Structure formats: structure tokens, C-alpha cells
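Grab a pencil and work through these exercises with the model open beside you. Try each task before you read its solution.

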Amino acid sequence: MTTPDLPFLPFALPDIGEDEIAEVVDTLRSGWVTTGPKTKRFEQAFTEFLGDSVIESIAVNSATAGLHLALEALGIGPGDEVITTTHTFTATAEVVRYLGADVVLVDIDPKTLNIDPKLVEAAITPRTKCIIPVHFGGLAVDMLEILNIARRHGLRVVEDAAHCLPSTIEGELIGTMGSDATVFSFYANKTITTGEGGMLCTRNAALAKRAKVMRLHGMNRDAFDRFTAKVPSWYYEIVAPGFKYNLTDIAASMGLHQLKRARGFQQRRAEIAAQYQEAFADLPVILPPDAPEGDMHSWHLYVLRLRDDAPLSRDGLIEALFAAGIGCSVHYIPLHLHPYWRDRYALKPEQFPHSHKAYEQMLSLPIYTKMTDADVQRVIAAVSDCLQA
Ligand SMILES: *Cc1c(COP(=O)(O)O)cnc(C)c1O
């Protein structure tokens, strides 16, 4: 079905241009490689991208770090409960455990694969402090509903936006919706990348202040301030046992140019998604839902689910595609199946029927800007070959 001598098509590849490379080289030659002027510019550019000057963007070395800082700044700690989805990467939940609080996992809406707001509300107890919605694959969670629930019950909301730069809901960019904080990821396979990196965005000035102190050892002023000051400025004070979560200027150099390309990247991924949607419409599969009319889906992931009448299993399809030289993945092995989460909270698959079923049916196909039209056609041909009756 596929020419055997075609090179392997990886599941994901970063799209790094000459501007990113030149900016990194400029930083390397500048004498300032850690957090400094480029990180500041990247933060400012990120706030401009979100289009609301009240939002503070705080660059960190991973989204995991950003989520941890946001929850820490909100005072989440032992005895508290934080509600999130079982259908996510472990980073979403592990940060809750860093702080000694407990994770309460709930199931997803089987159509969107996003956390089900009704189940969030049902899981609230007197110990609940915060909700972490995850915008799965780049399709925005119904944030109006989540924010309403939070308001009714006096809860905090921290959005795991690792997949969704840029996505909108009701025409508004994720990151501007009025939650306490939103955290984006710039990991190698995300919609823009700095190798490793993340951005914590918030309108809450107290949260921002605490996160900036905790980002760098609990110092009351950062290294860039001290070393670039015009007067001798060796003095600083430690006001808390902070973390080492700052982003380097080398990484920020990539981010500056990746951010400029974010909308173009989204358009290309949306184009690929549209081709997949059309090509797979008559196969025994469940297609991923498009964003509601007028809204933007970042299409970080393209997740296909096999119907029960498909001629082969999910594992069988992944093996066949691999044999055809195409890399795939699965997002996610839900948290309730991982030994740590399963054992800590005595979780059973029956508690998460939709996530569990989706997990057994799903695979993620390649969807990235470095794919050529021929690559897209190759994936379409291989999937169609495997699934046509
Ligand atoms: C990638 C990812 C993270 C973690 O991002 P890092 O930048 O690698 O820390 C968190 N949540 C989700 C849903 C992710 O996909």
C-alpha cells in the first residue's frame, strides 16, 4: 500500500526557521544567555498576542512549572482538593501532589474528550479549592460553564492550556477568559516551541507577584535586575523557599519568532485537519469534533477513534501504520490506569467510562506544519487502506 522506500514520517516535528536560529545565535554572542532582555521581550510579546495589556505573562521553563507556580500562589496545600480530568498528561495532576493537596479526577464528555462540567460540579466537596480544565487537543473547554461553577462555589480555576495556542471559545482567546491563571507549553511537540518552556498568564497581580518571586529561588529581585542595574546591586533577600523555574534567553529567542508564526502554524494545521475530516468521513471511525462555528481550534492533536465495527483494533492500526512508515501516538493513557494514580486513589475504569472507552479506540495521527501535502496524502491513503471494508 505504501512505497517501502519512503522515509519514516514521524508523529511530530518542530518547525524551526532561520529567524529562530539567527536569534539564538545573537543571544549566544551577546554574553547574556539566561533570563534577561529576550525573555522580557517574549513576555511582552505574549501579552500583546493575547491582546489584553492587563494580563501578565510570566515565562517559565515548562508548563509543569507554570502550573505548579499558579497553584502555589493560590495557596493550594495539604487538605485541599483540586478537580481535573483523568484524560490528560500526568503533569496536570502531579503539580497538585507537589503541594500536598489531593487530586480528584473526573470523566470526560465523550464528544469533545474535554472535562465534563456536570461531573466537575458533582465532585465538589467542602475541601475543593480549584478546578484545572485541560483544553484537550486544542479544542477549548466550555469555559463559561466552568467559570460559572467556580463562581457559584467560590473556587479557583487554573487552565492547562498546553495544547491550545491559539484556540478561542465564544470568540475569545484561551488565556483571556477570566480564570485565575492560564498556562501554555512550549515543549518540543507543542503548537509553538522553545525546546522546553512555558508561559503563565494571569490578570491577578498578587498571583503574578508571588509566581515571579517563586520562579527564582524566592528572591525579591531577579538576576537580570541585579546584573544590569546601573548602580552596584549585589544585594537581594530570600523571602521564601522558591524554585528554579526561569526561562533562558536562548529559549526565549526561539519563542519570539515562534510566536509570530503561531497563527500561520494554526492555519496550516487546520488545513490538514480539514483534509483528514473529509477523507475519513465514510470510514468506521469517530471524527474529532471541529470547534463551534466562528471559533478556532488549535489542532495540536488530530485524534481518530475506531468504531466497534472497524476491521482492526486500535493497536492493529498503529502497527499497520508503523509498518507503512507512519508514526502515531495515543493521547492519553488516562491517569486512572497509571499505577501511581490508580493506587493512590483506588481508581477503577468503571468510574471513567467515557475516557476509558475513548482510550481503547483512539490514536493520534501526525498533524504538523512541516508535513507536505504529499505527507498528508500518504497518511490518508494508509489509514483508508487499513479501514476500508
Ligand atoms: C505537554 C503538557 C503539559 C506539560 O508541559 P511541559 O511544558 O512539558 O511541562 C501539561 N499538560 C498537558 C495536557 C500537556 O500536553
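**Exercise 1: Backbone oddities**

Let's start with His-217, which counts as partly exposed because its relative accessibility is 35% (buried is under 20% relative accessible area, exposed over 50%, partly exposed in between, using a 1.4 Å probe and protein chains only). Before going on, note that this is a predicted model, where local features need pLDDT of at least 70, side-chain atom pairs count only at pLDDT 80 or more, and totals for chains, interfaces and linings use all residues. Residues are numbered from 1 along each chain as its sequence is written, and side-chain values use heavy atoms, with hydrogens and water left out.

Task: Find where His-217 sits, and work out its phi.

Solution.
- Step 1: Look in the loop between α7 (205-215) and α8 (223-228), where you will find His-217. Helices (H or I, at least four residues) and strands (E, at least two) are DSSP runs, numbered from the N terminus.
- Step 2: Read its phi, which is near 65°, a positive value in a residue other than glycine.
- Step 3: Put that in context: most residues other than glycine have a negative phi, and most peptide bonds are trans.
- Step 4: Now try Trp-299, in the loop between β10 and β11. Trp-299 is not a glycine either, and has a positive phi of about 50°. Trp-299 counts as buried because its relative accessible area is 4%.

Task: Which residues does the cis peptide bond with omega of about -5° join?

Solution.
- Step 1: That cis bond joins Leu-165 and Pro-166.
- Step 2: Pro-166 belongs to the loop between β5 (156-160) and β6 (168-169).
- Step 3: There is also a cis peptide bond from His-331 to Tyr-332, with omega near 0°. Tyr-332 is in the loop between α11 and α12 (339-344).

**Exercise 2: The nonpolar cores**

Task: How many residues does the largest nonpolar core have, and which have the most contacts inside it?

Solution.
- Step 1: Get the term straight: a nonpolar core is a set of buried Ala, Val, Leu, Ile, Met, Phe, Trp, Tyr and Cys residues joined through side-chain atoms within 4.5 Å.
- Step 2: Count the largest one, which has 42 residues, and pick out Phe-42, Phe-46 and Met-143 as those with the most contacts inside it.
- Step 3: See which elements feed this core: α2 (37-50), β3 (102-106), α6 (143-153), β9 (198-202), α9 (249-260) and α10 (262-279) each supply at least two residues. The largest share, 5 residues, comes from α6.
- Step 4: Zoom in on Phe-46. Leaving aside neighbours within four places in sequence, its contacts (heavy atoms within 4.5 Å) include Ser-57, Leu-165, Phe-184 and Leu-259.
- Step 5: Look apart from this core for another one, of 34 residues, with Ala-93, Leu-99, Leu-105 and Met-214 among them.

**Exercise 3: A lysine in a helix**

Task: Is Lys-38 buried or exposed?

Solution.
- Step 1: Find Lys-38 in helix α2.
- Step 2: Check its relative accessibility: Lys-38 counts as buried because the value is 8%.
- Step 3: Look at what Lys-38 touches, not counting residues up to four places away in sequence: the list includes Glu-23, Asp-26, Asp-249 and Leu-256.
- Step 4: Pick out the polar contact (a pair of N or O atoms within 3.5 Å; within protein, one must be able to donate a hydrogen and the other to accept it, and residues adjacent in sequence count only if both atoms are side-chain atoms). The Lys-38 side chain makes one with the side chain of Thr-27, at 2.9 Å.

**Exercise 4: Around the ligand**

Task: How many residues surround the ligand, and which are the closest?

Solution.
- Step 1: Count 15 residues around the ligand, with Thr-64, Asp-160, His-163, Ser-185 and Lys-190 the closest. A residue counts if one of its heavy atoms lies within 4 Å.
- Step 2: Find the side-chain N or O atom of Asp-160 that is 2.7 Å from a nitrogen atom of the ligand.
- Step 3: Turn to the ligand's oxygen atoms: one lies 2.7 Å from a polar side-chain atom of Ser-185, and an oxygen atom of the ligand is 3.1 Å from a side-chain N or O atom of Lys-190.
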